[in-house]
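Dear colleague,

I am passing on the structure we spoke about, and I would be glad if you could keep it open while you read the notes that follow.

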Amino acid sequence: MTAVFARRSFLRYSALTGAVLGGAGVLAACGDDSSSSSGGSTPDGSKFGTVAVQLSWLKNIEFAGEYFADSKGYFRDAGFGSVNLIAGGAASTSAEAGLDTGKVWLGLSAPQTTAPAVLEGLPAKIVGTTYQKNPFCIVSAAGKPIKSPQEMKGRKIGVQDTNQLIFNALLAANGMTPSDVTIVPAQFDPTPLANGEVDGWVSYVTNEPITLAAKGFANTNFLFADFNLPLVAETLTVTQSTIDNERDKLKAFLVAEIKGWKDAVANPAESARLAVEVYGKDQKLDLAEQTLEATAQNDLVMSANTAANGLLSMTDQLIEQNIAALRTAKIDIKADQLFDLSILREVYAENPGLQ
């Protein structure tokens, strides 16, 4: 993955406000999902038929759990004829837009993207989260480290236009204002950081720190999530209709997802191989780099909560922390408007061996 490619990934989560329902073009139909939670007849003869899942970005290591669930037959074993993994990207339709038009059955997104859509009328809920922490970070040179928001004061920080809102939310969450730092408009290539033109760079912890280090630029970073902005990421979002009318189907999907992510966490090397050689083959990804990113990603997927309650889960405390973080970003929404973890709790209660 080049640095430019890596930086583009931020476009997915940085739209803290704005039109997410209108979206870009509409996804092409990816299989008619006409089955119900009770099974019944489907065109492919499976219990639940075919569903389309909108990924939040291009097919890289971030979706290793979905790759395992597909390649090892977990989706098939759960009753699905097939699960179409639809690549996202800067120009693609958002998960929220796909859910709104009915072109996708489930989407991977983030609270700061889904919440505005819900407030604008999209009847959808987050039912689980892959990342317990959002990967946003500030990366800096190891020789001139920035280890906290307070250490950004008076220093030059490269901020992409699409990430300005979440960066401002980080400042506000830590009692700071944009005037406390020198914001340098940036693109997606972190070369200005490597060249010393800026002191810090809005980054993704699983991307730029790794790509910069591979080029010989020693660096350090701190996560937004560790400094009063504990947003989760890669959230699983469905419509309220799916929750109400296809609960068994959704639970079956979540079982397969959990199995896939357990495999991904246990085997970063195979996660990288699936991303590079199979699902993201057209992206020409670097195997060594994807392996490092898979290992780094595990720190976001696993936590004390997932150890106790299972992958994809969220505690009530974490949900409330996300609601408070959204409020910091001037998105005022209630927990029960945005989250419904009851389905996932039922999955673990009915399948204790999944934990």
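A residue is called buried here when its relative accessible area is under 20%, and partly exposed when the value lies between that limit and 50%. With a relative accessible area of 4%, phenylalanine 222 is therefore buried, whereas phenylalanine 227, at 24%, is partly exposed. I return to these two rings below.

Please bear in mind that this is a predicted model. The average pLDDT of the protein is 88, and 88% of the residues score at least 70. Residues 1-39 need caution, since their pLDDT stays under 50 throughout, although the model has 136 contacts for them beyond four places in sequence. Where pLDDT is low, the predicted coordinates should not be read in detail.

As to the overall fold, the protein has 16 helices and ten strands, and of its 355 residues 59% count as buried. Among the contacts with a separation of 6 or more, 81% are between residues that lie 24 or more positions apart.

Helix α11, residues 268-279, has as its buried residues Pro268, Ser271, Ala272, Leu274, Ala275, Val276 and Tyr279. These buried residues pack against α2 (64-71), β2 (80-86), α10 (247-266) and α12 (287-301).

What about the aromatic rings? The count of aromatic pairs in the model comes to nine. In one of them, the rings of tyrosine 67 and tyrosine 279 have centres 4.5 Å apart and planes at 5°, so this pair is stacked. The pair joins distant parts of the chain, because tyrosine 67 belongs to helix α2 and tyrosine 279 to helix α11, with their positions 212 residues apart. Both partners fall under the limit for burial: tyrosine 67 is buried at a relative accessible area of 0%, and tyrosine 279 also counts as buried, at 16%. The rings of phenylalanine 222 and phenylalanine 227, by contrast, have centres 5.2 Å apart with planes at 75°, so that pair is edge-to-face. Separately, Phe48, Phe75, Phe80, Trp105 and Phe253 form one aromatic cluster.

Helix α10 deserves a look alongside two other helices. The axes of α10 and α12 come within 9 Å and cross at roughly 130°, and the two helices are therefore oblique to each other. The crossing in which α10 passes α12 is left-handed. The residues that meet there are Trp261, Ala264 and Val265 on the α10 side, and Gln297, Asn298 and Val301 on the α12 side.

With helix α16, residues 342-350, the axis of α10 comes within 10 Å and crosses at roughly 70°, which makes α10 roughly perpendicular to α16. This crossing of α10 and α16 is right-handed. From α10, the residues Arg247, Leu250, Lys251, Leu254, Val255 and Ile258 take part, and they meet Ser342, Ile343, Leu344, Glu346, Val347, Tyr348 and Glu350 of α16. An α-helix has 3.6 residues a turn, so residues three or four places apart point the same way.

With best wishes

Conventions
Residues are numbered from 1 along each chain as its sequence is written. This is a predicted model: local features need pLDDT of at least 70, side-chain atom pairs count only at pLDDT 80 or more; totals for chains, interfaces and linings use all residues. Side-chain values use heavy atoms; hydrogens and water are left out. pLDDT is the predictor's confidence in each residue, from 0 to 100. Contact means heavy atoms within 4.5 Å. Buried means under 20% relative accessible area, exposed over 50%, partly exposed in between (1.4 Å probe, protein chains only). Helices (H or I, at least four residues) and strands (E, at least two) are DSSP runs, numbered from the N terminus. Rings of Phe, Tyr and Trp (its six-membered ring) pair if their centres lie within 6.5 Å; planes under 30 degrees apart count as stacked, over 60 as edge-to-face and the rest as tilted. Axes are lines fitted to C-alpha atoms, for helices over the stretch in contact, and angles run from 0 to 180 degrees between N-to-C directions. Angles under 35 degrees count as roughly parallel, over 145 as roughly antiparallel, 65 to 115 as roughly perpendicular and the rest as oblique. A crossing is left-handed if the near helix is turned anticlockwise from the far one by less than a right angle, and right-handed if clockwise.
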